[in-house]
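Grab a coffee and open the viewer. Here are a few exercises to work through, each with a solution.

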Amino acid sequence: MSDNTMAAGSAPAAAQPSPTAAASPDTTTFAVILSLSFCHLLNDMMQSLVPALYPILKDSYALTFGQIGFITLAFQCTASMLQPVVGMYTDKKPQPYSLMVGMGFTLVGLLLMSQASSYPVILLAAALIGMGSSVFHPEASRVARMAAGGRYGLAQSLFQVGGNMGSAAGPLLAAFIVVPQGQQSIVWFSAAALVAMIVLFQVGSWYKARRTVSKPVARKAATGPGAGIVSLSRRRVGIAVAILVALLFSKNVYSASLGSYFTFYLIHKFGVDVQDAQLYLFAFLVGIVVGTILGGLVGDKVGRIPVMWFSILGALPFALMLPHANLFWTGVLAVTVAIIMASAFSAILVYAQDLLPGRVGLVAGMFFGVSFGLGGLGAAALGEIADHAGIEAVYKVTPFLLLLGLLTAFLPRQPSLTR
């Protein structure tokens, strides 16, 4: 059976790649990519339960917005600090079964969160869930690139869409399961972690077998005519990386304002109930899924830098209008902003991987980690702003961060980076 046939089959078939499914390093192995995307869906679905729990936790434990922000900080900073470390370590010493082990941290975190009875335990559970993510993202991104067969943008987009779909599904499941049933119902979602661990064991077996096949090819590529395409000085590479981090900062801090506090904003300004607010959050997260797919398709045709330009600055006018809209148009504008902004991440990640060849794990760990960390820091800061100036002030101030998108003008334009 060919890889394309496997990709067109059922989800369970895609989730069980054979270790011998791809003998050639030049073949795009869709079975592995879709398996990773499926596990990304489960991983991010479980992660998205944390912010979906905020209204319940706030009422149950009388938490302030600042304390809610620190839950996000604990959750995301474990991933932020550990992902680059994981990426650097596995660049040197690949660990085929580390994906399965990382998912085990998420399993323990979910079980602990379902039984947590105090604020410190909630922080610990959130940190463990983030720790699982710190292992999953850099290693899964590496395996997706390994299975891409040269179609790196497509592979990263498919991998990222799984995560976006999981993030969108989490609040919806929370609205119909966690909100009515309470905090302890999170224990049922631990089954998703077990399923992911089984699938990732199969992916690990493919990864282990593929390493043996790809070693001679990697050595040939390192010395062949295509080596050294990116011939930038360390200074220019450093400046480019700093610009990419600034773009992520503007994108993720604004996204944190919607991901962490959108339900509170809707409840405060329009008086909607928690379940309806979760549905609006679900619509916003679906917009992220759509934007990721469109960003991948458009980026393959027009290049990565134009996508970065549009995804940051293009969202600005809609973000500025959002605080002044009624309930219906607030929903429309939030989804529009989500679609535009979500188109950037895969372009930024693949651009960075081309910028730093041979450091796939470090780049994935650094940029996924920076993404989580900046979101966590932004959520904590925005929580303090909401406590002191009101939740509506958050949505009047944060859009101006998107002006950092102007820094895209200073990125290198080499053909090997903009293709």
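The exercises below go from the whole chain to single rings, and the model is a predicted one.

**Exercise 1.** Find out how many helices and strands the protein has, and what share of its residues is buried.

*Solution.* Start with the secondary structure: you get 18 helices and 0 strands. Then turn to burial: of the 419 residues, 57% are buried. For contacts with a separation of 6 or more, 84% join residues 24 or more positions apart.

**Exercise 2.** Classify the ring pair of Phe65 and Tyr261, and work out which parts it ties together.

*Solution.* The full count is 9 aromatic pairs. For Phe65 and Tyr261, the centres are 6.4 Å apart and the planes sit at 70°; over 60 counts as edge-to-face, so that's the label. Next, place the rings: Phe65 is in helix 5 (residues 65–92) and Tyr261 in helix 10 (residues 234–270), so the pair links parts 196 residues apart in sequence. Both Phe65 and Tyr261 are buried.

**Exercise 3.** Do the same job for Tyr265 and Tyr395.

*Solution.* Their centres lie 4.5 Å apart with 45° between the planes, which makes the pair tilted. Tyr265 belongs to helix 10 and Tyr395 to helix 17 (residues 391–397), so parts 130 residues apart in sequence are tied together. Tyr265 and Tyr395 are both buried.

**Exercise 4.** Look around Phe65: which residues share its aromatic cluster, and which charged end sits over its ring?

*Solution.* Tyr261 and Phe264 form one aromatic cluster with Phe65. The charged end belongs to Lys58, 4.8 Å from the ring centre of Phe65.

Definitions and conventions. Residues are numbered from 1 along each chain as its sequence is written. This is a predicted model: local features need pLDDT of at least 70, side-chain atom pairs count only at pLDDT 80 or more; totals for chains, interfaces and linings use all residues. Side-chain values use heavy atoms; hydrogens and water are left out. Helices (H or I, at least four residues) and strands (E, at least two) are DSSP runs, numbered from the N terminus. Buried means under 20% relative accessible area, exposed over 50%, partly exposed in between (1.4 Å probe, protein chains only). Contact means heavy atoms within 4.5 Å. Rings of Phe, Tyr and Trp (its six-membered ring) pair if their centres lie within 6.5 Å; planes under 30 degrees apart count as stacked, over 60 as edge-to-face and the rest as tilted. A charge sits over a ring if NZ of Lys or CZ of Arg is within 6 Å of the ring centre and within 35 degrees of the ring normal.
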